[in-house]
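Dear colleague,

Please find below the structure that I am handing over to you. My notes on what was found in it follow directly after.

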Amino acid sequence: MTWLKNTNATVSDVVFAGPEDMKGKRLNDMTSLQNECVSTDFILHQSVASESLSVDTFSYKNDVYVAISAPSTESCMIFQWDHIEMNFRTYDNITGQSIVGCKSVIIENEVFVIVAQLFGGSHI
């Protein structure tokens with residue numbers, strides 16, 4: 001919307017496709033979208049001190065987990081959602097050599113974590 005209002009380019013009308021109460025309205029006619037749209041601003045919830053290359057989320061037995069590959073600490077950190085504290089807490093740490101990826105897969109009610117490494121092979 002900001003770009004549309006400030007551009008010198010000729011742009012045809014941009015109309016809302018949804019939600020239903022906004023359908024067909026011209027974006028050019030709006031003065032603000034603050035009350036009409038959900039914000040997509042980045043809001044920090046929690047930080048992990050280690051640098052990471054990949055993140056994978058998975059659900060298992062009604063819990064939510066995050067697997068983060070951290071080559072600087074040579075680990076695949078597994079975090080579990082804490083329903084009381086409302087944040088992720090450390091669950092496990094899989095160590096390795098130059099870990100570049102951690103990917104989970106659930107097979108027959110078991111969780112397997114695939115740890116991809118640059119050196120020394122990858123492991124499940």
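**Strands and loops**

In this predicted model, strand β3 (residues 75-82) and strand β4 (residues 87-95) run antiparallel and are joined by eight bridges. Two of the residue pairs may help you to find your way along them. Ser 75 has Thr 95 in β4 as its bridge partner, and Met 77 is matched in β4 with Asn 93.

These two strands belong to an open sheet of four strands, in the order β1-β2-β3-β4, with antiparallel pairing. At its edges are β1 (54-60) and β4, each of which pairs on one side only. From one strand to the next, the twist averages 25°.

Two loop residues also deserve a mention. The hairpin of β3 and β4 has four residues between the strands. Met 86 is located in this loop between β3 and β4, and its phi is positive, about 60°, although Met 86 is not a glycine. Is Met 86 buried or partly exposed? With a relative accessible area of 46%, Met 86 is partly exposed.

The other residue is Lys 61, which is found in the loop between β1 and β2 (63-70). Lys 61 likewise is a residue other than glycine with a positive phi, in this case near 50°. The relative accessibility of Lys 61 is 57%, and the cut-off for exposed is over 50%, so Lys 61 counts as exposed.

With kind regards

How values were computed: Residues are numbered from 1 along each chain as its sequence is written. This is a predicted model: local features need pLDDT of at least 70, side-chain atom pairs count only at pLDDT 80 or more; totals for chains, interfaces and linings use all residues. Side-chain values use heavy atoms; hydrogens and water are left out. Two strands pair if DSSP finds at least two bridges between them. Axes are lines fitted to C-alpha atoms, for helices over the stretch in contact, and angles run from 0 to 180 degrees between N-to-C directions. Buried means under 20% relative accessible area, exposed over 50%, partly exposed in between (1.4 Å probe, protein chains only).
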